[in-house]
Amino acid sequence: MKLFVDVGNTALKWRRRDGDRVAQGGQVHARDWVKALDAPLASPAPESVWVASVAGPEADRRIADLVRERTGCEPRFYYSREQDFGVRNCYPEARRLGADRWVALVECWQRFGAGIVIDCGSALTIDAVDGAGDFLGGYIVPGLGMLRNALLRDTADVHVEQASAQLGLGRSTGECVHNGLLRMSVAFVTDVVVELRERLPDTCKVLVTGGDADELSASFSFEFLHLPDLVLDGLERVAARQE
């Protein structure tokens, strides 16, 4: 039994694999690692545990302790590298690139070659890798949830009810907020994809992942592949080579 864990800033996703049998899930972690890891570490205990984490050193230490206590095995944390699986990192300090972004780029390049990876999480990130495996760089901006929270926190008299967002004029404060943030995010993503397709082959894949992927991608005007488990797929690829 193998366990793969993707620890993001706000959510934790996991996959247990026992031969052809796969179980997976995830939840908002609120940095309550005991609760977040209860299901993935349930009996029967996994024999190996692989983790891609951007939660920080203290969280990684706590997660490692929990894995040891519950399973008796030493977890393997995979962090960004200068070069691996044919992809070359452009960051001066390779490990400063989030492990989730790195393994997503590795999986993109291994499966499709040149590509654009859009991760619609608590932060919205866009990264690009060319046909030679060079990571060209990326963008990081607040995700939809973070944008909404910032607007509500810093604006005293804005009261926003729940509403489904669309690319159109709002007819209430809530609709104006939801529609405006959606349009802003979609416009940003579209502009970047247009820019990158001038540097990459026209046929390069655009991969979309992350918790807000459904909401954002419904308004994209370009072709894309929705791969909700892109990070776990990349982490499993890394583990397969090293075990």
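This talk covers the largest pocket of the structure and the sheet beside it in my running order.

Start with ground rules. This is a predicted model, where local features need pLDDT of at least 70, side-chain atom pairs count only at pLDDT 80 or more, and totals for chains, interfaces and linings use all residues. Numbering runs from 1 along each chain as its sequence is written, and side-chain values use heavy atoms, without hydrogens or water.

The pocket, then. The largest one holds about 980 Å³. A pocket here is an open set of points on a 1 Å grid over the protein atoms alone, where a 1.4 Å probe fits, with protein on both sides within 12 Å along at least five of seven lines. The volume is the space filled by probe spheres set on the points, joined across faces, edges and corners.

There are 45 lining residues, each with an atom within 4 Å of a point. Closest to the centre are Gly-8, Asn-9, Val-54, Asp-100 and Asp-119. Elements that each supply at least two lining residues include helix H3 (99–112), strand E8 (115–120) and strand E9 (123–129). Helices are DSSP runs of H or I, at least four residues; strands are E, at least two.

Now the sheet. Five strands form an open, mixed sheet, ordered E10-E9-E8-E11-E12. Pairing takes at least two DSSP bridges. The edges are E10 (135–142) and E12 (225–226). E8 and E9 run antiparallel, joined by six bridges. Gly-115 has Val-129 in E9 as its bridge partner.
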